[in-house]
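Here is a report on a two-chain model. It goes through the interface, then each chain, then the nonpolar cores.

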Amino acid sequence: MRTTITTRSVAASGAVLALALTGCASSDTGDAEGSSAETGSSSVTLVTHDSFALSDGLLDEFTAESGYDVELVAPGDGGTLVNQLILTKDSPLGDAVFGVDNTYASRAVDEGVFDPYLSSALPESAAAEVPAGESLTPVDRGDVCINADLAWFEENDLDAPTTLDDLADPAYQDLLVVTNPATSSPGLAFLLATVGAKGEHGWTDYWTALSENGVKIADGWEDAYYVDFTGAGGAGDRPLVLSYATSPAFTVTEDGSETTTTALLDTCFRQVEYAGVLAGAENPDGARELVDFLVSRTVQEDIPGQMYMYPVDGDAALPDEWAQFAPLADDPFDVDPAEISAHRGDWIETWTATVLG
Amino acid sequence: MRPARARRSRPPVARVVLWGLAAGVPLAFLAIFFAWPVLALVGRGFVTDGSLDLSGVAEVFGESRTWRLLGITLGQAVAGTVASLVLGVPGAYVLYRCQFRGRTFLRGLVTVPFVLPTVVVGVAFRALLAPGGPLAFLGIDQTFTAIVLALVFFNYAVVVRTVGGLWERLDPRAEQAARALGASPARAFRTVTLPALTPAITSAASLVFLYCATAFGTVLVLGPPGYGTIETEIYVQTTQFLDLRSAAVLSVVQLVVVAGALVTADRTRARRENALGLLPEAHGGRRLSLRADAVPTAVTAAVVILLLALPVATLVTRSLHAADGTWTLDNYRNLATTGGPNALSVTVWEAAGNSLRAAALAALIAVVVGGLVALVVSRRPRARVGRRALRALDSVFMLPLGVSAVTVGFGFLITLDRPLGLDVDLRTSGLLVPIAQAVVAIPLVVRVVLPVLRAIDPRLREAAATLGAGPGRVLATVDLPVVLRPVGLAVGFAFATSLGEFGATSFLARPDTATLPVVIFRLIGKPGAENYGMALAASVVLALVTATVMLLAERLRGESAGEL
């Protein structure tokens, strides 16, 4: 009896292993074909972050039009992605890249990661987002803003704050949680918002005021939003949190009529995500076609539903509820990308010394 | 026919070749998939414009912050290790030496935290401790204490399983003899059992130390704002400051810390590791006696209930609730989707399939490579230099646990494009995922199998050889039967580690083959009650899969015991 059970379980685990092996083996051969030299010209590899998504069938349309299969590689996001591109510039991970944003782009440009390419397919309405040097093509954008739990403010009979200065007002003492710019991308974006708003010399004073007003710091966004924030279903005690302009669209009530949180649009930093052609790409033509495809109207209108970013094409149709719950800021703060590249390290260090002491 | 003496001084070529292969295959594997990537990346940090540049070293060590980080790292690792050992050894006793109903279930339960995704657990933990949470009165939100408790949560299983695996097969007669001669239970434990357990305890301690020193997600979520260790600083320097030079120096510091810990563990082990009176099969243990075993039982009950079951139960309960607080299975139903506003590129079930496939392959690699390492290291060559070499081999395979996933992951990217002239870009092929997981699972396999192999009395092998058995036969009749059971455990551990591996995998997974921990991290990084609920539900699924795998591994070894 024992022997049979043993044999059976051994056989079963053997079968699982065999399945796994064949599963992996078959997908590997597929990959090997895709990246091998003879067939290299018929596929194009897009290096991106893991939130890249398009509706089913959209990439097939690209394949049908261009003749290139698209392979996706997602080794990281934000600074991780940029540093990976820099490290692999002599042997790039793919042909095109999507997802480098304006807080990191100039560093990668300086390192010679890209083969400069500004898509001619880019609509006129996106001209404002084209980076200096025109080596990358803007694809989508979004704002990092303070979010407020409207229900909390209603219950406590307090008007929600609207500006950066309000956040330092004693009326809002101990109500705000933001993230550490050294460990979190939105944290860095908000630091940049304050640099943009208060200037290179005024921002530290602003943070001193925020500290005195009891700002709480979390190391990660998920930590701040899901634990400290009152508006995300948890037991948090902070009704103001650093998040995105699109976040209120995730807190819409069951009937879809309203949202329980709102973004403070006068506290925002604009993030723009770019696509580009990697220097040394095996298939630069395919890469350029793919970048063109990303700014085509079809993809631009698909982006909000799939990646929850605003298309860079100002004329692309938006989902109805976006205007209602997740509008972009009219006039977000910005900082010259070259300045960001030059001072990122100093600013984070100064911030750490000022706020964490 | 050569005389026997000549044969001893010059072993047959075949045997040399076989042992050479047994050591060479694992070494080659480690060299390609660990040493080369890490050295290449660290090397880049020390080379500017083609020439050696050590200015980064002076710069990094000139900053007081570096020394503070080093102190915090050591403090955190020591505190986490000591706490895990103090609480885990009684647990090993209760769960592996005593009999009671529900023991198998408990053994599975304590393993669950080991593979839970650290960020989700961190958030769930903090939800208990933060102002407004049920445990807010403890006042340990965002403190060092919270980190240490979480480290115990994750590493308890390592201690219980590693120590328990040896303890259950320790011949109880030695301790009984001590007791019969009048020693108190405490004295008998201290003078007889504890020394016998030392190899397993040091094994567990070195593993836990490495895990604690390199903890990442836990530290960021639960620590005080701005709290940092060498591990988090390498991440920050690499991904935020884009300063590879500082990251390289810190990686070397990390290697030194880890090497120091391994040398210490090795010294302790070498002094203690002797042939033990091991029983060929698990000794069923005696019935748990609430009076005689009051202390270990109380400690274990407290740890299991407060530190393990409570957070896990909170996680499970929360996963069964909607945002408005009503009970629901929606979070589990949603696992068949890609999340609120398409947070994911594959459904959670697809990711679970990817995880299982990758982990099965990783476990296979880890058991083969780790088994070979354990086998080679367990030999006792006559030459001193040979013994030294084997001990070094043992330590070298532990290194992957002590090196930052960022260093390894980035190292892969700069070395494994068309490695060894192959026409496959390994970096993007997806094959690296199970390999990277195997690299971190191998040390566990070695640590689980080695103490048992080493404890085999060499005289048994000698006797078998004297009676005419060839080396292969000696292995098959002496080593293999004893080793089969820990191999079952090793498979389980390797599988569990691979399932839970996040760091290196996150740099390698392709969007269409994302693994479970990767999608969980993705979900918790997005706003929305649906995504948060799914992250919790997916974590519960990961925990269930892991517990099942561990229980199966446990069963395999339990069943085979009857045949020996």
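Two residues count as in contact if their C-beta atoms, placed from the backbone, lie within 7 Å. The model is predicted. By that contact rule, 67 residues of chain A touch 60 residues of chain B.

**The interface, seen from chain A**

Which elements of chain A give two or more residues to the side that touches chain B? They are helix H1 (2-35), strand S2 (69-73), helix H3 (78-87), strand S7 (216-218), helix H8 (221-228) and helix H12 (337-356). H1(A) gives the most, with 16 residues. The chain A side divides into 30 nonpolar, 27 polar and 10 charged residues.

**The two chains**

The table sets out like values for chain A and chain B.

| Chain | Residues | Helices | Strands | Buried share |
|---|---|---|---|---|
| Chain A | 357 residues | 12 helices | 11 strands | 55% buried |
| Chain B | 564 residues | 25 helices | 4 strands | 54% buried |

Sequence separation of contacts can be given for each chain. In chain A, take the contacts between residues at least 6 apart in sequence: 74% of them join residues at least 24 apart. In chain B, residues 24 or more positions apart account for 81% of the contacts with a separation of 6 or more.

**Domains of chain A**

The domain assignment splits chain A into domain 1 (35-141 + 271-325) and domain 2 (143-269 + 330-356). Each domain is thus listed as two segments. The C-alpha centres of domain 1 and domain 2 of chain A lie 28 Å apart. Their contact takes 13 residues from domain 1 of chain A and 15 residues from domain 2 of chain A. On the domain 1 side, helix H4 (105-110) and helix H11 (320-325) of chain A each supply at least two residues. H4(A) provides the largest share of that side, 4 residues. By type, the domain 1 side divides into 5 nonpolar, 5 polar and 3 charged residues.

**Chain B: overall form**

How does the radius of gyration of chain B agree with that of a compact globule, and what is its value? A compact globule of 564 residues would have a radius of gyration near 24 Å; chain B has 24 Å, so the two agree. Along the principal axes, the C-alpha atoms of chain B fill a box of roughly 75 × 65 × 45 Å.

**A residue in helix H12 of chain B**

Leu250(B) lies in helix H12 (residues 244-272) of chain B. Is Leu250(B) buried or exposed? Leu250(B) counts as buried because 28 other C-beta atoms lie within 10 Å, and the cut-off for buried is 20 or more. Leaving aside neighbours within four places in sequence, Leu250(B) is in contact with Val60(B), Ile230(B), Glu233(B), Ile234(B) and Gln237(B). Val369(B) is 119 residues from Leu250(B) along the chain, and their C-alpha atoms are separated by 29 Å.

**Nonpolar cores**

The largest nonpolar core has 243 residues. Those with the most contacts inside this core are Val163(B), Ala363(B), Ala366(B), Val445(B), Ala494(B) and Ala538(B). Helix H15 (residues 348-377) of chain B gives the most to this core, with 21 residues. Beyond four places in sequence, Ala366(B) is in contact with Ala438(B), Ala441(B), Ile442(B), Val445(B) and Ala494(B). A second, separate core has 48 residues. This second core includes Val73(A), Val272(A), Ala281(A) and Tyr308(A).

Technical notes. Residues are numbered from 1 along each chain as its sequence is written. Chains are lettered from A and ligands numbered from 1 in the order in which they are written. This is a predicted model: local features need pLDDT of at least 70, side-chain atom pairs count only at pLDDT 80 or more; totals for chains, interfaces and linings use all residues. Domain bounds come from an automatic or database domain assignment. Ala, Val, Leu, Ile, Met, Phe, Trp, Tyr, Cys and Pro count as nonpolar, Asp, Glu, Lys and Arg as charged, and the others, Gly among them, as polar. A residue is buried if 20 or more other C-beta atoms lie within 10 Å of its own, exposed if 12 or fewer, and partly exposed in between; C-beta atoms are placed from the backbone. The radius of gyration is taken over C-alpha atoms; the globule rule is 2.2 Å times the number of residues to the power 0.38. A nonpolar core is a set of buried Ala, Val, Leu, Ile, Met, Phe, Trp, Tyr and Cys residues joined through C-beta atoms within 7 Å.
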